[in-house]
Amino acid sequence: MPAPGENLKIDPDRLWDSLMEMAKIGPGVAGGNNRQTLTDEDAEGRALFQKWCEEAGCTMGLDQMGNMFAQRDGTDPEALPVYVGSHLDTQPTGGKYDGILGVLGGLEIIRTMNDLGIKTKHPIVVTNFTNEEGTRYAPAMLSSGVFAGIHTQDWAYERTDAEGKTFGDELQRIGWKGDEEVGTRKMHAFFELHIEQGPILEAEGKDIGVVTHGQGLSWTQVTITGKDSHTGSTPMPMRRDAGLGMARVLEKVNEIALSHAPHAVGAAGHIEVYPNSRNVIPGKTVFTVDFRSPELSVIEDMEARLRDEGQKIADDMEIQIEFEKVGGFDPVAFDEGCVTAVRNAAERLGYSHMNLISGAGHDACWINRVAPTAMVMCPCVDGLSHNEAEEITKDWAKAGADVLLHAVLETAEIEG
């Protein structure tokens, strides 16, 4: 089986033009995108993607979760396909590249293979997974989760948005509910190209991140109950300040995460304070602690220490504290063979590279449960994502897509 020659490269201008054309659908207010899942804008983006795929000679499959599968046939009808892709949906104030680069980078490798007359033994399928972001319908990676058997389809259909509209009804409404049973497709391998969403590659001056692991995640909702009372007339020793209790717990969260440096992280992104009045000592706080690490034992240690230390703080302050685990997934170790294919591709092409642990969840994390999987990452400016100011360079996009092309061709077995 010949290795792809280092002269095989994608067309960076065509890839960039596709990214910019897709970004015109669901434009944000500050240069990014608002193309949330199962909206009219999502439907329009899907239609454009399907048009481009069919123009490239692919046949489109659509399953009951709205996952899209554009197939370029291989020479062996019995060979399982090599899948590539990511997602086209965005955050409400999202960028032009998070997810989209992986989908359109997959399309670009098909276009490049067509240009060069390349044939592979295994078919190649470019995938758009529905609702990766989880911003309109929680949780994130919903449809890849159903595909991998993590969630049931009925449960996914019942998810509601802020207006009470269900996932199933909205999928039907926009016209992208397919007939294909979810999860029946078998994969030879899956590769996902993605922006790093972190600052490491740019800071290290590396072109490519070879993603070896995905961080595990634990979300614990903490409710602290004290007693709301007047900020001016309640003596300090008599206060039952839920806000102060939260502050002490959050300081402990930071301390716990730092004790597992450098790979563990922890913070609270969702915080509610009641009654949230200027002259009332908070009687109740609700916040969600987000711990992440590539090691399950570390996550379990951080969870246990949060509960122990949080309870001690509450007891000392004579306030109440409750803990509820509301989400999470175990760390991911990506397939060694697929990771090696990514590393080989970067080396063959002369791109600087380093091993990387993904700090965010991706569809690849669930697909890794059912197929050999790996990820390719390229830098993003200042590590900024989930923001309209998210930015990458054309050269970074080219490097990532070139490595994706070579990893896929090596895995799909290039003919000739």
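This briefing describes four helices of the structure, what they pack against and which of their residues are buried. The model is a predicted one. Helix α1 covers residues 12-23 and helix α12 covers residues 394-412, while helix α9 runs over residues 296-317 and helix α10 over residues 336-349.

**Helix α1 against helix α12**

- Helices α1 and α12 pack with their axes 10 Å apart, at an angle of about 110°, which makes α1 roughly perpendicular to α12, since angles from 65 to 115 degrees are counted that way.
- On the α1 side the residues that meet α12 are Pro12, Asp13, Leu15 and Trp16, and their partners in α12 are Lys394, Ala397, Lys398 and Ala401.
- Sorted by character, the residues of this contact between α1 and α12 comprise 5 nonpolar and 3 charged ones, with no polar residue among them.

**Helix α12 itself**

- The 19 residues of α12 should span 27 Å at 1.5 Å a residue, and this agrees with the 26 Å that separates its end C-alpha atoms.
- Because 16 of its 19 residues are buried, α12 is largely enclosed by the rest of the structure.
- Just after α12 comes Glu413, which takes a positive phi of about 65°.

**Helix α9**

- Helix α9 has 22 residues and reaches 32 Å from its first C-alpha to its last, which is close to the 32 Å expected at 1.5 Å a residue.
- Its buried residues are Val298, Ile299, Met302, Glu303, Leu306, Gly310, Ile313, Ala314 and Met317, and they cover an arc of only 135° around the axis, so they lie on the same side of α9.
- An α-helix has 3.6 residues a turn, so residues three or four places apart point the same way.
- The elements that cover the buried residues of α9 include the strands β7 (216-225), β9 (265-274), β11 (284-293) and β12 (320-329), together with helix α8 (242-258).
- Glu318, placed just after α9, takes a positive phi of about 60°.

**Helix α10**

- With 14 residues, α10 should span 20 Å at 1.5 Å a residue, and its end C-alpha atoms are indeed 20 Å apart, in agreement with that expectation.
- The buried residues of α10 are Cys338, Val339, Ala341, Val342, Ala345, Ala346 and Leu349; seen down the helix axis they fall within an arc of 155°, and therefore they line one face of α10.
- These buried residues of α10 pack against the strands β5 (189-195), β6 (208-214), β14 (353-358) and β15 (373-378), and also against helix α12.

Conventions. Residues are numbered from 1 along each chain as its sequence is written. This is a predicted model: local features need pLDDT of at least 70, side-chain atom pairs count only at pLDDT 80 or more; totals for chains, interfaces and linings use all residues. Side-chain values use heavy atoms; hydrogens and water are left out. Axes are lines fitted to C-alpha atoms, for helices over the stretch in contact, and angles run from 0 to 180 degrees between N-to-C directions. Helices (H or I, at least four residues) and strands (E, at least two) are DSSP runs, numbered from the N terminus. Angles under 35 degrees count as roughly parallel, over 145 as roughly antiparallel, 65 to 115 as roughly perpendicular and the rest as oblique. Contact means heavy atoms within 4.5 Å. Ala, Val, Leu, Ile, Met, Phe, Trp, Tyr, Cys and Pro count as nonpolar, Asp, Glu, Lys and Arg as charged, and the others, Gly among them, as polar. The expected span of a helix is 1.5 Å times one less than its number of residues. Buried means under 20% relative accessible area, exposed over 50%, partly exposed in between (1.4 Å probe, protein chains only). The arc is that of the directions from the helix axis to the C-beta atoms.
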